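Reader: I am new to reading structures. Could you pick a single part and take me through it closely?

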Amino acid sequence: MKKIEAIIKPFKLDDVREALGEIGITGMTVSEVKGFGRQKGHTELYRGAEYMVDFLPKVKLEIVIAKEDLERCVNVILETAQTGKIGDGKIFITDVTRVIRIRTGEENQEAI
């Protein structure tokens, strides 16, 4: 099993969720996060005063899937979340050694 963590722009969330649903990915965890990479934030104006916004709002998707679904899932996220502009985000892929569904005690493939 694999875990995909994708950091994307917030306005792309619905498109990505719908595209993943179309290929059969139904479960995911979504968190609102803040961060920066090469963007390094930006300045904004509030009541006439300029201030620096160091951390930009992003959305983090976490999806645990079967190994055979990995490339298809990653490709859908790449195609859907990409705007071609700086700050599109990142995808991190890690191994998952064990999953347990708390309600039933099912493990691994049956639990996802």
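Author:
**A close look at Leu61**

This model is predicted. Its chain has a mean pLDDT of 89, and 88% of the residues reach 70 or more. That confidence varies by element: strand E1 (residues 2-8) has the highest mean pLDDT, 97. Strand E3 (residues 42-46) has the lowest, 63.

Now to Leu61. Find strand E5, residues 56-65; Leu61 is part of that strand. Is Leu61 buried or exposed? Its relative accessibility is 0%, so Leu61 counts as buried. The cut-off for buried is under 20%.

What does Leu61 touch, leaving out residues up to four places away in sequence? Its contacts are Ile4, Glu5, Ala6, Ile8, Leu13, Val16, Met28, Thr29 and Val30. Take Val30 from that list. Val30 and Leu61 are 31 residues apart along the chain, yet their C-alpha atoms are separated by 4.7 Å.

Val16 is another of the contacts, and it leads to a helix pair. Val16 in H1 is among the residues that meet H2. From H1 come Asp15, Val16, Ala19 and Leu20; from H2 come Cys73, Val76, Ile77, Thr80 and Ala81. By type, the residues of this contact are 7 nonpolar, 1 polar and 1 charged. The axes of H1 (residues 13-22) and H2 (residues 70-81) come within 9 Å and cross at roughly 145 degrees. The crossing is right-handed.

For contrast, go to Asp54. Asp54 sits in the loop between strand E4 (49-53) and E5. Asp54 has 41% relative accessibility, so it counts as partly exposed. Its C-alpha atom is separated by 7.2 Å from that of Phe36, 18 residues apart along the chain.

Terms used:
Residues numbered from 1 in each chain as written. Predicted model: local features only at pLDDT ≥ 70, side-chain atom pairs only at ≥ 80, totals over all residues. Heavy atoms only, no water. Helix = DSSP H or I, 4+ residues; strand = E, 2+ residues; numbered from the N terminus. Buried < 20%, exposed > 50% of the residue type's maximum accessible area, 1.4 Å probe, protein only. Contact = heavy atoms within 4.5 Å. pLDDT = per-residue confidence, 0-100. Axes fitted to C-alpha atoms, helices over the stretch in contact; angles between N-to-C directions. Left-handed = near helix turned anticlockwise from the far one by under 90°. Nonpolar A, V, L, I, M, F, W, Y, C, P; charged D, E, K, R; others polar.
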